[in-house]
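Q: Could you walk me through a structure, feature by feature, and show me how to read each one?

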Amino acid sequence: MSKDPSNPNENTEQENTLTNRQGHPVTNNQSIRTVGNRGPAALENYDFIEKISHFDRERIPERVVHARGAGAHGYFETYGKAGDHPVAKYTRAKLFQEKGKQTPVFVRFSTVIHGNHSPETLRDPRGFAVKFYTEDGNWDLVGNNLKIFFIRDAIKFPDMIHAFKPDPITNIQSSERFFDFCACSPESFHMVTFIYSPWGIPANYRMMQGSGVNTYKWVNQEGEAVLVKYHWEPKQGIKNLTQQEASEIQGTSFNHATQDLHDSIEKGDYPEWELLVQLMSDGDHPELDFDPLDDTKLWPEDQFPWLAVGKMVLNKNPEDYFAEVEQVAFGTGVLVDGLDFSDDKMLQGRTFSYSDTQRHRVGTNYLQLPINAPKKRVATNQTGGQMQYKLDRAPGQNPHINYEPSILGGLQEAIQHGKEHTPFVEGNLVRESIERQSNTIQAGDTYRNFEEWERQDLISNLVADLSTCDTRIQDKIIALAHDADEEYGRRLSEGLATTATTSGSNQKPLGNRDGDKAPQEAVDKG
Ligand code: HEM
């Protein structure tokens, strides 16, 4: 029998009937309510006001870095061992113990510097952040594709990002600002060498490596720790682009990496990565020419072999980009029992920064969102704040006891399993950089390890961008390249000398622009 809309007692709603957020059926979604069909609008038009004011708030602040991203769900499966050893020898983290054990994951890949919707062909590190929903709660491994970073002290991060992001006046990214910062921060030269080579433009997200970059610790049942670095190796192989290849792709698509990830998962061609670790005994290691807590350095593979510990498969696309990829919140502080921090100064700074920005970007209760909430019981006495929509209460918990300790009930502290890792630390409180800086040694190794086409692309990319810079900056970068490797320095200075005589620069160095002069001087020049 068909429904009779004139009968007020008959429910005319179907499963797919449009409603507003209050659950009221929307009978007209085409016209706002007006006095006559040409007349002024009535302000009491709730459906319209709700719809338009929600739309007005559709965007949240984009990430201050890594704004452009793509994500996918999948699982991690452990091998139960690290190389030839049972993994328990080094860590008691439950997700790694039992061979074949699967842990759900959500991964977000990203570019770093430009905004959401910027091209995915840009020369930039790529983010590689993994959220493991373990039985002990969440573990986030927030990494990049490259294994090292530009700086080794967290206090330099905001300056570095300001220099790399678009100029505050022109809103255009400037090579000169980038190289100015790098020339004055020689620890960045190893990363500059990678970024200006084809390794600075991965072909897509599926065919790139990942790395935790910073040094963490693994802690075993006895509370003993080892230092650990994490690496992801793509089973699809690694593919990078020359600048020319990237420019060609960018001419036809600026979403190619997102498209590639989405399409391959959609057609059942699931990308996989193997997780490998490098381990080092906990300590300063004075025998090394670098500090194990310095994230501008690679750990040589011959001394610290890569040990395979598991694999990750991505097999499901997000159902909603905003709810999952945009609202997901990763942080280096999110560890589970058996995993710990090291004193790596970047790691310590990052660990404050992530949850701080997420309370601002997503909101106080960001951990209650399904993409961020652990897939296990949560019971806290934290309550209130914008957008709280549930209580983190234990079943049967006395609702009056929202504090701890109490003899009347409420939540109880957990029992510690395994000995706590309690490193002994002493020293004066100082503001100093580390001693073993070795800023250019590994950049030289990396240059020599490149194939000839990679070296050529590196030199031509550096020449193209450095030729737009103040010569004082060029000279400093050439000196760093010389320190790293004689051939590297020579090819770079020859390349720059050629551009100086043939073309001149297509971009005036900032130091020569009127904007750098005192305002009156700039005006006087007319
Ligand atoms: C994102 C800070 C270094 C990898 C972010 C965000 C901040 C931040 C504030 C935005 C987070 C959000 O809105 O959810 C810092 C600071 C650093 C630092 C202060 C240095 C002191 C690094 C390093 C890596 C890295 C060394 C690589 C290992 C990432 C990734 C994301 C990110 C992958 C995007 C996560 C996502 O997809 O949501 N970082 N970062 N960051 N950072 Fe860092």
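A: Happy to. Keep in mind that this is a predicted model. Let's begin with the ligand: sorted by class, the shell around the ligand holds 13 nonpolar, 10 polar and 4 charged residues.

Q: How many residues surround the ligand, and which are the closest?

A: There are 27 residues around the ligand, and the closest are His66, Arg108, Gly127, Ala154 and Val213. Next, look at where the shell comes from: β4 (102-111), β5 (126-134), β6 (137-144) and α8 (345-361) are the elements that each give two or more residues.

Q: Which element gives the largest share of the shell?

A: That is α8, with 8 residues.

Q: Now the interior. What is the general idea behind a nonpolar core?

A: Nonpolar side chains tend to be buried together in soluble globular proteins. In this model the largest nonpolar core has 55 residues, and Val107, Val228, Val277 and Val309 touch the most other members. Strand β9 (residues 225-234) supplies the largest share of this core, 6 residues. Apart from it lies another core of 38 residues, which includes Tyr196, Leu347, Leu462 and Leu466.

Q: Which residues is Val107 in contact with, leaving aside its neighbours within four places in sequence?

A: Val107 is in contact with Gly71, Ala72, Gly74, Ala129, Val130 and Leu314.

Q: How do I check the length of a helix, say α10?

A: Compare the end-to-end distance with the expected rise per residue. Helix α10 covers residues 452-466, 15 residues in total, and spans 21 Å from first C-alpha to last, close to the 21 Å expected at 1.5 Å a residue.

Q: Which residues of α10 are buried?

A: They are Asp457, Leu458, Ile459, Leu462, Val463 and Leu466. Two of these names came up earlier: Leu462 and Leu466 are among the members of the 38-residue core.

Q: What about backbone angles? Where should I look?

A: Look for positive phi values outside glycine. His117 is not a glycine, yet it has a positive phi of about 75°; His117 lies in the loop between β4 and β5. Asn171 also has a positive phi, near 60°, and its place is the loop between α2 (157-164) and α3 (175-183).

Q: Why does His117 count as exposed or buried, and what about Asn171?

A: Count the C-beta neighbours, with 12 or fewer meaning exposed. His117 is exposed because 11 other C-beta atoms lie within 10 Å. Asn171 is exposed too, because it has 8 other C-beta atoms within 10 Å.

Q: Which peptide bond is cis, from Glu404 to which residue?

A: The bond from Glu404 to Pro405 is cis, with omega near 10°. Pro405 sits in the loop between α8 and α9.

Q: Which other residues can I find in that loop?

A: Glu420 is found there, between α8 and α9 (441-449), and Pro423 has its place there as well. Glu420 counts as exposed because it has 9 C-beta neighbours inside 10 Å. Pro423 counts as exposed because it has 12.

Q: How do distances along the chain relate to distances in space here?

A: Take a pair of examples. Pro423 and Ser342 are 81 residues apart along the chain, and their C-alpha atoms are separated by 9.9 Å. Glu420 and Pro158 are 262 residues apart along the chain, with 34 Å between their C-alpha atoms.

Q: What does the UniProt record place at residues 19-412?

A: The unreviewed UniProt entry places the feature "domain: Catalase core" there. In the model, the end C-alpha atoms of residues 19-412 lie 43 Å apart, and the span is 20% helix and 20% strand.

Notes:
Residues are numbered from 1 along each chain as its sequence is written. This is a predicted model: local features need pLDDT of at least 70, side-chain atom pairs count only at pLDDT 80 or more; totals for chains, interfaces and linings use all residues. A residue is near a molecule or strand if its C-beta atom, placed from the backbone, lies within 6 Å of it. Helices (H or I, at least four residues) and strands (E, at least two) are DSSP runs, numbered from the N terminus. Ala, Val, Leu, Ile, Met, Phe, Trp, Tyr, Cys and Pro count as nonpolar, Asp, Glu, Lys and Arg as charged, and the others, Gly among them, as polar. The expected span of a helix is 1.5 Å times one less than its number of residues. A residue is buried if 20 or more other C-beta atoms lie within 10 Å of its own, exposed if 12 or fewer, and partly exposed in between; C-beta atoms are placed from the backbone. UniProt positions are given in the numbering used here, feature names are shortened, and annotations may be inferred rather than shown by experiment. A nonpolar core is a set of buried Ala, Val, Leu, Ile, Met, Phe, Trp, Tyr and Cys residues joined through C-beta atoms within 7 Å. Two residues are in contact if their C-beta atoms, placed from the backbone, lie within 7 Å.
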